[in-house]
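Biologist: I would like a close look at one part of this structure, worked through slowly enough for a first-year student to follow. Could you begin with one helix and then go on to the strands?

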Amino acid sequence: MTTAARTRPAIRFRGRSFMALVLAPEPPITDWLTELDAQIQRSPAFFQGRPVVVDLSALPMRKQDLTALIEDLQQRDIRLIGIEGADPSWLGSEAWGLPPMMTGSRPAGMIEVPDGAEAATPAAAEARPAASLLLDRPVRSGQSVIFPEGDVTVVGSVASGAEIIAGGSIHVYGTLRGRAIAGSTGNGRARIFCRKLEAELLAIDGLYKTADDMEPKLRGRAVQAWLDGDAMVLAALD
């Protein structure tokens, strides 16, 4: 064994949590696709850069039906990473060019899709400031608000069991008890601000801290969070 081999640093593994959307088609599938098209028309940027899992538990499907459905979703620029609720005999479906079967997911509540969150053309994007979403009400437990286009501001509190997912920064003018996930589309410059920190989880661009990782002296205080290289930094604002 050479000296170089002996001194080579060990491989380091770092865990990350990623949020995926779950689409659950219902019969008749043609009507469901029509509703999906209407939703995409109202918010064209909603699925951009976002991983999606298809839950087939409500559909009695054959393999050829699944293939057709996957093609329909891909034609709508929906990026599929897996399948749930399929026939167990379909294990290994990736061998026929389909997303792999997935198990062990945990529900995160219903998602509010902001109407009118339209994708800007290059000319329009230069002419106006970055998009933002203002919520003038608290976010209740079980609710999930996703806004990949920019910042999210909550004039109120975010309850335990609720979550905010923003492509930009997150501002909470109240108590943050749930989960705040900023920079979800790869924005490492995003920040999280809250008036009172009681969060279950904070995440920016895939890096996260759970409640156990946060300094006890910051609990209950006004706090901001940002990334410094590969580390998340939390500091009091008061």
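Modeller: What follows is a walk through one helix and then through the strands and sheets.

Please keep in mind throughout that this is a predicted model.

Let us begin with helix H2, which covers residues 29-42 and so has 14 residues. At 1.5 Å a residue, a helix of this length should span 20 Å, and the C-alpha atoms at the two ends of H2 are indeed 20 Å apart, which agrees with that expectation. Which residues of H2 are buried? They are Trp32, Leu33, Leu36, Gln39 and Ile40. These residues lie on the same side of H2, because they cover an arc of only 115 degrees around the axis. The spacing along the sequence can be understood from a general rule: an α-helix has 3.6 residues a turn, so residues three or four places apart point the same way. On the other side of H2 the picture is reversed, for Thr30, Thr34, Glu35 and Gln41 are exposed there.

One residue on the buried side of the helix deserves a longer look. Trp32 lies in helix H2, and Trp32 counts as buried because its relative accessible area is 12%, while the limit for a buried residue is under 20%. What does Trp32 touch, once residues up to four places away in sequence are not counted? Its contacts are Leu23, Ala24, Pro25, Glu26 and Leu73. Of these, Leu23 belongs to strand S1 (21-23), which leads us to the sheet that contains this strand.

That sheet is an open one, built from three strands in the order S1-S2-S3, and the pairing is parallel. Its edge strands are S1 (21-23) and S3 (79-84), each of which pairs on one side only. On average, neighbouring strands of this sheet are turned by 35 degrees against each other, with direction ignored. Strand S2 (residues 51-55) runs parallel to S3 and is joined to it by five bridges; in one of these pairings, Pro51 has Arg79 in S3 as its bridge partner.

There is also a sheet of six strands, again open, in the order S5-S7-S9-S11-S14-S15, but here the pairing is mixed. Strand S5 (132-135) and strand S15 (231-236) are the edge strands, each pairing on one side only, and the twist from one strand to the next averages 20 degrees. The mixed pairing can be followed in two examples. Strand S9 (residues 170-176) and strand S11 (residues 192-197) run parallel and are joined by five bridges, with His171 standing opposite Phe193 in S11. By contrast, strand S14 (residues 223-228) and S15 pair in the antiparallel sense over six bridges, and there Val223 stands opposite Ala236 in S15. S14 and S15 form a hairpin with two residues between them, and Gly229 in the turn has a positive phi of about 65 degrees.

Within strand S9 we can pick out Thr175. Is Thr175 buried or exposed? Thr175 counts as buried because its relative accessibility is 10%. If neighbours within four places in sequence are left aside, Thr175 is in contact with Gly156, Ser157, Val158, Lys196 and Glu198.

Another hairpin is formed by S12 and S13, with two residues between them, and Asp205 in the turn has a positive phi of about 50 degrees. Strand S12 (residues 201-204) offers an example of how side chains are arranged. In a regular strand the side chains alternate between the two faces of the sheet. Accordingly, Leu201 and Ala203 point one way from S12 while Leu202 and Ile204 point the other way, and all are buried. S12 also has two pairings to follow: with strand S10 (residues 179-182) S12 pairs in the parallel sense over four bridges, whereas with strand S13 (residues 207-210) S12 pairs in the antiparallel sense, again over four bridges. In the parallel pairing Ile181 has Ala203 as its bridge partner, and in the antiparallel one Leu201 stands opposite Thr210.

Last, consider Glu163, which is found in strand S8 (residues 163-166). Glu163 is buried, with a relative accessible area of 1%. Its side chain is joined to that of Ser144 by a polar contact of 2.6 Å.

Notes: Residues numbered from 1 in each chain as written. Predicted model: local features only at pLDDT ≥ 70, side-chain atom pairs only at ≥ 80, totals over all residues. Heavy atoms only, no water. Expected span 1.5 Å × (residues − 1). Buried < 20%, exposed > 50% of the residue type's maximum accessible area, 1.4 Å probe, protein only. Arc of directions from axis to C-beta. Pairing = 2+ DSSP bridges. Axes fitted to C-alpha atoms, helices over the stretch in contact; angles between N-to-C directions. Polar contact = N/O pair within 3.5 Å; in protein donor to acceptor, adjacent residues only side chain to side chain. Contact = heavy atoms within 4.5 Å.
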